[in-house]
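Let's take a walk through a protein fold together. Have the sequence and the 3D view ready, and turn the view as you read.

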Amino acid sequence: MTTIQDNYLTLADGQKMPQQGFGVYKLTDSATFTQTIQDAYEDGYRLFDTAQMYGNEADLGKALKSLSVDRDDYFITTKVAESNQGYQKAIDSVKESLQKLQLDYVNLLLVHWPINGPFFETWRAFEEMKKEGLTKSIGVSNYGMVHLQYLATQASEMPVVDQLECHPWLSEKPMIKFNNDHHIVTQAWAPLGRGRIFEEPILQEIANKHVKSAAQIILRWHLQNGISFIPKSAHAQRIKENAAIYDFALTPEEMAQIDSINKNLRISQEPELVYEFNQQYPH
Ligand SMILES: NC(=O)c1ccc[n+]([C@@H]2O[C@H](COP(=O)([O-])OP(=O)(O)OC[C@H]3O[C@@H](n4cnc5c(N)ncnc54)[C@H](OP(=O)(O)O)[C@@H]3O)[C@@H](O)[C@H]2O)c1
């Protein structure tokens, strides 16, 4: 049986990435951080997703050290913040991130949000950082079709991952198809809808049938959709629960039922507005 630990996707650049990872946004308690990462590692999570903006790269670095495992045994993603976009700023900021993470390279470096100012210069820096070995793979986050099409007009190489808000209320089907057609792996952030959608009757009904939780049903839906996903939890029991989705399967009818609750509803920001404002905005 495949488990979280041996379930990998191959990216367009040949690198392998765990399909299911662990998000660390809002994990800000330094005292419990290391324990949380240890719990996740023991439960089989191998991908840890941070960002310059989260302010916890140093905590993650410390936690990874304490695992005392080989560098090849985990996959680290970080993201360049809007304020660090631009050619030299992006490179300097990633060197600083690597110091905090106590790593020589990250596995995946993402542009956190599209912004219109230094749009191309930032990507040129990403291509350069990949050549220099500061990251194995380069990708983007919150890029829609138009952003990717625009990037393609000047990019030497295209992103291999696009990390998007994606959950049953925002199923992103056209974007997933577009990314698939362009050999870009879609990675769902807020895959659980930040914990706000568990009460959906269809999810409850399917959960009861499989004797699983609504969270597990949602994560299994992402898994069977073939995309990557990075749920976050600060609780050991939930971290374990979220990894225990490899011993059952949703039927095509159940997959379609979950698809049917899509409302195209965003919990977070609208990427096009971030692009226009050149920064994230209060929402
Ligand atoms: N690229 C971007 O712009 C972007 C934006 C946002 C997030 N992200 C990344 O995506 C990751 C995941 O997204 P997210 O943290 O926003 O949302 P999420 O993973 O959809 O949901 C996390 C919330 O669900 C709760 N939860 C988790 N498992 C649960 C379970 N089994 N039962 C009940 N509640 C559960 C968590 O509570 P507890 O922690 O209290 O258990 C937390 O409140 C982030 O950590 C971050 O790494 C990326």
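The paragraphs below go from the sheet to the helices around it. Keep in mind that this is a predicted model.

Begin with the sheet. Here 8 strands form an open sheet, with parallel pairing, in the order β3-β4-β5-β6-β7-β8-β9-β10. Where are its edges? The edge strands are β3 (22-23) and β10 (228-229), and each of them pairs on one side only. For an example of neighbouring strands, find β4 (residues 47-49) and β5 (residues 75-80): they run parallel and are joined by 3 bridges. One residue to look for is Phe 48, whose bridge partner in β5 is Ile 76.

Now move along the sheet to β7 (residues 135-141), which runs parallel to β8 and is joined to it by 2 bridges. Val 140 stands opposite Asp 162 in β8. Is β8 itself covered or open? It is mostly covered, with 5 of its 5 residues buried. A general idea helps here: in a regular strand, side chains alternate between the two faces of the sheet. In β8, one side holds Val 161, Gln 163 and Glu 165, the other holds Asp 162 and Leu 164, and all of these are buried. Both faces of β8 are therefore covered, since buried means under 20% relative accessible area.

What packs on the sheet at this place? Helix α6 (residues 173-181) does, touching β8 (161-165) and β9 (185-189). The direction of α6 makes about 175 degrees with that of β8. Within α6 you will find Asn 179. Asn 179 has 0% relative accessibility, so it counts as buried. Leaving aside residues up to four places away in sequence, Asn 179 touches Leu 148, Asp 162, Leu 164, Ile 184 and Thr 186. Two of these names should be familiar: Asp 162 and Leu 164 are the buried residues on one side of β8.

Next, turn to how helices pack against each other. Two packed helices are described by the angle between their axes and the distance between the axes. Helix α1 (residues 30-42) and helix α2 (residues 57-67) pack at an angle of about 50 degrees, and their axes are 9 Å apart. That angle is why α1 and α2 are oblique to each other. The crossing in which α1 passes α2 is right-handed. On the α1 side, the contact is made by Ser 30, Phe 33, Thr 34, Ile 37, Gln 38 and Tyr 41; on the α2 side, by Asp 59, Leu 60, Ala 63, Ser 66 and Leu 67. These residues divide into 6 nonpolar, 4 polar and 1 charged.

Why does the spacing of such contact residues matter to the eye? An α-helix has 3.6 residues a turn, so residues three or four places apart point the same way.

Stop for a moment at Gln 38, which is found in α1. Is Gln 38 buried or partly exposed? Its relative accessibility is 22%, so it counts as partly exposed. Not counting residues up to four places away in sequence, Gln 38 touches Ser 66 and Leu 67. For a sense of scale, the C-alpha atoms of Gln 38 and Tyr 87 are separated by 35 Å, and these residues lie 49 places apart along the chain.

Helix α2 deserves a second look. Its buried residues are Glu 57, Asp 59, Leu 60, Gly 61, Ala 63, Leu 64 and Leu 67. They pack against α1, β4, β5 and α3. After α2 comes Ser 68, which has a positive phi, near 50 degrees.

From α2 we can step to α3: these helices pack at about 40 degrees, with their axes 7 Å apart. This makes α2 oblique to α3. Glu 57, Ala 58, Leu 60 and Gly 61 of α2 make the contact with Ser 97, Lys 100 and Leu 101 of α3. By class, this contact has 3 nonpolar, 2 polar and 2 charged residues.

The last step leads from helix α3 (residues 87-101) to helix α4 (residues 119-132), whose axes come within 7 Å and cross at roughly 45 degrees. So α3 is oblique to α4. Here, too, the crossing is right-handed. Tyr 87, Ala 90, Ile 91 and Val 94 in α3 meet Glu 121, Arg 124, Ala 125, Glu 128 and Met 129 in α4. The contact of α3 with α4 has 6 nonpolar, no polar and 3 charged residues.

Terms used:
Residues are numbered from 1 along each chain as its sequence is written. This is a predicted model: local features need pLDDT of at least 70, side-chain atom pairs count only at pLDDT 80 or more; totals for chains, interfaces and linings use all residues. Side-chain values use heavy atoms; hydrogens and water are left out. Axes are lines fitted to C-alpha atoms, for helices over the stretch in contact, and angles run from 0 to 180 degrees between N-to-C directions. Helices (H or I, at least four residues) and strands (E, at least two) are DSSP runs, numbered from the N terminus. Angles under 35 degrees count as roughly parallel, over 145 as roughly antiparallel, 65 to 115 as roughly perpendicular and the rest as oblique. A crossing is left-handed if the near helix is turned anticlockwise from the far one by less than a right angle, and right-handed if clockwise. Contact means heavy atoms within 4.5 Å. Ala, Val, Leu, Ile, Met, Phe, Trp, Tyr, Cys and Pro count as nonpolar, Asp, Glu, Lys and Arg as charged, and the others, Gly among them, as polar. Two strands pair if DSSP finds at least two bridges between them. Buried means under 20% relative accessible area, exposed over 50%, partly exposed in between (1.4 Å probe, protein chains only).
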